[in-house]
Amino acid sequence: MLDYDAPLYLISVVAKILGVHPQTLRQYEKEGLLEPKRTDGKMRLYSQRDVDKIKTILRLTRDMGVNLAGVDIILRLKDRLDELDRLNEELQTHLQKNAPTKSEVKRLEKTSYELILFKKS
């Protein structure tokens, strides 16, 4: 099974698969929307994650009319939401493993806002 983040595709292959000009992909990289891996010879190699991200960019720009600055904001917000979802899952797992008593649950409910903001794992 291949790694989702493994650099596999040359820029020409990705451009052909997605029906875009290679210069479009270079522009996305210049704008900071993509960061393909590089070979020792400086050739760009794209992972499947990169290809899926390009599909998202194309959907936002072509279908929804979002400019590249807007795409950047949307992608950053999506990354932040993904990070928060991961943190939430970790907190839920931690709480389930430590199974607080009813009195502790009441105390956690009262102070959970502070715990989330100030406690570091």
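A salt bridge is taken here as a side-chain nitrogen of Lys or Arg within 4 Å of a carboxyl oxygen of Asp or Glu. In the predicted model, the side chains of Asp82 and Lys78 meet this criterion, with an N to O distance of 2.9 Å. Both residues belong to helix 4, where they are four residues apart, about one turn of the helix. Asp82 is partly exposed, its relative accessible area being 37%, and Lys78 is likewise classed as partly exposed, at 45%.

A second pair in helix 4 has the same spacing: Glu90 and Arg86 are four residues apart, or about one turn of the helix. The closest N and O atoms of the salt bridge between Glu90 and Arg86 are 2.4 Å apart. Relative accessibility is 41% for Glu90, which counts as partly exposed; Arg86, with 43%, is also partly exposed. Elsewhere, Glu29, Arg38 and Arg44 are joined into one network by salt bridges that share partners. The count of salt bridges in the model comes to seven.

One of these links is formed by Asp5 and Arg49, with 2.3 Å between the closest N and O atoms. Asp5 lies in the segment before strand 1 (9–10) and Arg49 in helix 3, so this pair ties together parts that are 44 residues apart in sequence. Asp5 has a relative accessible area of 35% and is partly exposed. Arg49 falls in the partly exposed class as well, at 40%.

Arg49, Lys78 and Asp82 also appear in the lining of the second largest pocket, together with Tyr4, Asp50, Asp52, Lys53, Thr56, Leu75 and Asp79. Helix 3 (48–63) and helix 4 (68–98) are the elements that each give two or more residues to this lining. Helix 3 supplies the largest share, five residues. By class, seven of the lining residues are charged, two are nonpolar and one is polar. The space in the second largest pocket amounts to about 270 Å³.

A nonpolar patch on the surface is made by Leu10, Val13, Ile17 and Met43, and covers about 330 Å². Met43 is placed in the loop between strand 2 (37–38) and strand 3 (44–46). The relative accessible area of Met43 is 46%, so this residue is partly exposed, and the value lies over the 30% required of patch residues.

Conventions. Residues numbered from 1 in each chain as written. Predicted model: local features only at pLDDT ≥ 70, side-chain atom pairs only at ≥ 80, totals over all residues. Heavy atoms only, no water. 1 Å grid on protein atoms, 1.4 Å probe; cavity = no way out; pocket = protein on both sides within 12 Å on 5 of 7 lines; lining within 4 Å. Points joined across faces, edges and corners; volume = space filled by probe spheres on them. Nonpolar A, V, L, I, M, F, W, Y, C, P; charged D, E, K, R; others polar. Patch = residues over 30% accessible without salt bridge, like charges linked within 9 Å, V, L, I, M, F, W, Y side chains within 5 Å. Areas by Shrake-Rupley, 256 points an atom, 1.4 Å probe, with all protein chains shown as cover. Buried < 20%, exposed > 50% of the residue type's maximum accessible area, 1.4 Å probe, protein only.
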